[in-house]
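Please open the model in your viewer with the cartoon and the side chains available, and follow the stops below in order. Each stop names a selection and then says what is found there.

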Amino acid sequence: MKVITMVGADHKVGTTQITQSIAEMMARLYPQKKVLRLPLDGNRGTEYINQKFLHCIDHIRAKVLSEVITVEELLEACNLYNGVYCLQGTRVTDSNQLYNVEFVEKLLGLAKKHFDLIIIDAGANCFAGLSIGAMRASEIRILVSTQQHLASRNFDLKKMNIFSRLEIEFSSMLINKYVINSDLLDSFEINQKYGLEVLGEMPMLEIDGWVSEVERKSLLHFDEKFSRQIQEICVKLAEICGFDQVEIGKKDTFFGRLMKGVRT
């Protein structure tokens, strides 16, 4: 069982979109694996899940803390969406007063008994107990950023005030909303700036991004290049997790199979 936590270098870098896309792709590539997606950033984290959630993390909080919750109750609190078990995050505005590192440790302790892969959206609010707990409990931490200089400056501040003090390190990073522009940092410059291996670059998709938000579906459903990049990233993550490698044809993508289903 592996825990992967995605952390945003700054707000609005697309951590929730990336986390949902990777969770769906991993479930697609490894249908025999049980995949859980947890939004532990103080938000609901279900913007790209086109379903109604009857339950959320708040409903199981007391039982998790008192360690009386069962795996069956955790599963009942989740929605199964595109092969991924999704638990909606907190609906409370100021969640810092309710959630801390201890809660995350107990929740993950239970989840590890049932799931093969847990993918966490820790967001960019790295001062929150949920986010800190997620980062500390993960074997694999991946930074999500963009080419913007502001994102790198905010990451430096978090590194100085939080990551270094808690001895939190990242194994690699993803560049989201990537465009070829001489005024922005390119992939090599970002690698030098952050000192992290770049696992992949997701293209800037302004119009598809809006459609994704309106239809509440990940960008896997709207853009083949994005889908291909996420697929390549998931192959790398699978290797890191120790999963068996899957054979993927050049035209065998989530988007391609989705479009084939639409045509038929």
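Select Thr5 together with Ile120 of strand β5, which is the bridge partner of Thr5. The model you are looking at is a predicted one, and this pair of residues is a convenient place to begin. Extend the selection to strand β1 (residues 2-8), which pairs with β5 in the parallel sense over five bridges. Then add strand β2 (residues 35-39), which also pairs with β5 in the parallel sense, again over five bridges; here Arg37 stands opposite Ile119 of β5.

Keep β5 (residues 117-121) selected and show its side chains. In a regular strand the side chains alternate between the two faces of the sheet. In β5, Leu117, Ile119 and Asp121 point one way, while Ile118 and Ile120 point the other way. Is this strand mostly covered or mostly open? Strand β5 is mostly covered, with five of its five residues buried, and that includes Asp121.

Next, select helix α5 (residues 129-136), which is likewise mostly covered, since seven of its eight residues are buried. The buried residues are Gly129, Leu130, Ser131, Ile132, Gly133, Ala134 and Met135. What do these buried residues pack against? To see the answer, display β1 and β5 again and add α4 (101-111), β6 (140-145) and α6 (149-166), because contacts, taken as heavy atoms within 4.5 Å, link the buried residues of α5 to each of these five elements.

Move on to Gly200, which lies in strand β8 (residues 197-203). Gly200 has a relative accessible area of 8%, and it is therefore counted as buried, the cut-off for that class being under 20%. Leaving aside residues up to four places away in sequence, Gly200 touches Met173, Leu174, Ile175, Gln229 and Ile233, so that set, taken under the 4.5 Å contact limit, is a useful one to display around the glycine. For a long distance across the model, draw a line from the C-alpha atom of Gly200 to that of Asn96: the two residues are 104 apart in sequence and 32 Å apart in space.

For a contrasting stop, select Glu73 in helix α3 (residues 71-77). Is Glu73 buried or partly exposed? Its relative accessibility is 25%, and Glu73 therefore counts as partly exposed, a class that lies between the 20% and 50% limits. Apart from residues up to four places away in sequence, Glu73 touches Lys63 and Val68. A second line may be drawn from Glu73 to Ile142, whose C-alpha atoms are separated by 29 Å, with their positions 69 residues apart along the chain.

Finally, clear the selection and view the whole protein, whose secondary structure comes to 10 helices and eight strands. The C-alpha atoms fill a box of roughly 50 × 50 × 35 Å along the principal axes. The radius of gyration is 18 Å, which agrees with the value near 18 Å that a compact globule of 264 residues would have. Of these 264 residues, 52% count as buried, and the protein exposes about 12,700 Å², of which carbon and sulfur atoms supply 48%. Among contacts between residues at least 6 apart in sequence, 81% join residues at least 24 apart. If you colour by charge, you will find 32 positive and 34 negative charges, whose mean positions are 3 Å apart.

Terms used:
Residues are numbered from 1 along each chain as its sequence is written. This is a predicted model: local features need pLDDT of at least 70, side-chain atom pairs count only at pLDDT 80 or more; totals for chains, interfaces and linings use all residues. Side-chain values use heavy atoms; hydrogens and water are left out. Helices (H or I, at least four residues) and strands (E, at least two) are DSSP runs, numbered from the N terminus. The radius of gyration is taken over C-alpha atoms; the globule rule is 2.2 Å times the number of residues to the power 0.38. Buried means under 20% relative accessible area, exposed over 50%, partly exposed in between (1.4 Å probe, protein chains only). Accessible areas come from the Shrake-Rupley method with a 1.4 Å probe; for residues, only the protein chains shown count as cover. Lys and Arg count as positive and Asp and Glu as negative; His and the chain ends are not counted. The place of a charge is taken as NZ of Lys, CZ of Arg, CG of Asp or CD of Glu. Two strands pair if DSSP finds at least two bridges between them.
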